[in-house]
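Thank you for making the time this morning. I would like to walk you through one structure, beginning with a single pair of residues and working outwards from there.

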Amino acid sequence: MSPRTVFLVLLLGAVTAAALEVPPRPRGAVLDLAGMLTPSESASLAQLCQLVYEGTGFAPVILTIPAIEGDSIQDYCVRVYQKWGIGVKGKDEGALLLLVKRERLWRIEVGYGAEGYLPDLTANRIGAERLAPLLAQGKAAEGLRLAIQAMADKAAAEQKTRTASGDKKEKGK
């Protein structure tokens, strides 16, 4: 092997090793690895996520991590979303809300099935307007609750539209 090939292999190995590991999927909708939430807040948010899912079919999931460790927050979110399989298989209607404690970062990763009513631009606006200001005040749980509620409102409106268009199709037969 040439020195150049050895260098490229080592570089590729270093880049691969730098990728932050995805944790196992939690039993519920909240995994607080960064300790940003109290047990009571985690339970309350998990219950809210479950109610949203039961009412709309949209599955919000929360993950907090201590640090992103040099990884890309966008790439990490995509890997978590894919590994965890958020939402009903085949529908992909969900969102991952990721908070990174040390770097003070956040991201909302929306599944393809929800992008029609919750495009990235809308998800980012929800994060910027509802989540980020409260995170800056140290109120992560409240910011997450408001962000989930805003996304739930979008999902409920979509469900209402689908129901109404289904009713029109039935009446037209």
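Please find Val30 first, and then look across to strand 2, where Ile62 stands opposite Val30. Before going further I should say that this is a predicted model, and everything I describe should be heard with that in mind.

The pair we have just found belongs to the contact between strand 1 and strand 2, which run parallel and are joined by three bridges. For anyone new to this kind of drawing, strands of a sheet pair through backbone hydrogen bonds, either parallel or antiparallel. Between strand 1 and strand 2 comes helix 2, residues 39–56, and these three elements together make a β-α-β unit that is left-handed.

Let us move on to the next neighbour in the sheet. Strand 2 also pairs with strand 3, again in the parallel sense, and here there are seven bridges. If you would like one pair to look at, take Leu63, whose bridge partner in strand 3 is Leu98. To get from strand 2 to strand 3 the chain passes through helix 3, residues 73–84, and this β-α-β crossover is right-handed, whereas the unit built from strand 1, helix 2 and strand 2 is left-handed.

Which way do strand 3 and strand 4 run relative to one another, parallel or antiparallel? They run antiparallel, with six bridges joining strand 3, residues 94–100, to strand 4. Within strand 4, the residue that stands opposite Leu96 is Glu109.

Putting these pairings together, we have an open sheet of four strands in the order 1-2-3-4, with mixed pairing. Strand 1, residues 30–32, and strand 4, residues 105–110, are the edge strands, and each of them pairs on one side only. From one strand to the next, the twist averages 10 degrees. Helix 4, residues 120–136, packs on this sheet, where it touches strand 3 and strand 4, and the direction of helix 4 makes about 150 degrees with that of strand 4.

I would like to stay with helix 4 for a moment, since Leu131 lies in it. Leu131 has a relative accessibility of 1%, and therefore counts as buried. Leaving aside residues up to four places away in sequence, Leu131 touches Leu99, Trp106, Ile126, Gly143, Leu144 and Ala147. Leu131 and Arg145 are 14 residues apart in sequence, and their C-alpha atoms are 8.3 Å apart in space.

How many of the residues of strand 2 are buried? The count is seven of seven, in a strand that covers residues 59–65. Both faces of strand 2 are covered, with Ala59, Val61, Leu63 and Ile65 buried on one side, and Pro60, Ile62 and Thr64 buried on the other.

Helix 2 offers two serines that are worth setting side by side. Ser42 has its place in helix 2, and Ser40 lies in helix 2 as well. Ser42, at 17% relative accessibility, counts as buried because the cut-off for that word is under 20%, whereas Ser40, at 56%, counts as exposed because that word applies over 50%. Again not counting residues up to four places away in sequence, Ser42 touches Val30, Asp32 and Leu37, and Val30 is the residue with which we began, opposite Ile62. As for Ser40, its C-alpha atom is separated by 9.9 Å from that of Ala141, although the two residues are 101 residues apart along the chain.

A word about cysteines is also in order. A disulfide is a covalent bond between the sulfur atoms of two cysteines. A search of the whole structure finds zero disulfides. Among the cysteines, Cys49 is buried, with a relative accessible area of 2%, and Cys77 is buried too, at 0% relative accessibility.

Let me finish with the chain as a whole. It contains five helices and four strands, and from the N terminus on, its elements run α-β-α-β-α-β-β-α-α. Of its 173 residues, 39% count as buried. Among the contacts in the chain with a separation of 6 or more, 64% are between residues 24 or more positions apart. Finally, the accessible surface of the chain comes to about 10,200 Å², and 56% of that surface belongs to carbon and sulfur atoms.

Methods: Residues are numbered from 1 along each chain as its sequence is written. This is a predicted model: local features need pLDDT of at least 70, side-chain atom pairs count only at pLDDT 80 or more; totals for chains, interfaces and linings use all residues. Side-chain values use heavy atoms; hydrogens and water are left out. Two strands pair if DSSP finds at least two bridges between them. Helices (H or I, at least four residues) and strands (E, at least two) are DSSP runs, numbered from the N terminus. Axes are lines fitted to C-alpha atoms, for helices over the stretch in contact, and angles run from 0 to 180 degrees between N-to-C directions. Contact means heavy atoms within 4.5 Å. A disulfide is a pair of cysteine sulfur atoms within 2.5 Å. Buried means under 20% relative accessible area, exposed over 50%, partly exposed in between (1.4 Å probe, protein chains only). Accessible areas come from the Shrake-Rupley method with a 1.4 Å probe; for residues, only the protein chains shown count as cover. A crossover is right-handed if, with the strands pointing away from the viewer, the path from the first strand over the helix to the second runs clockwise.
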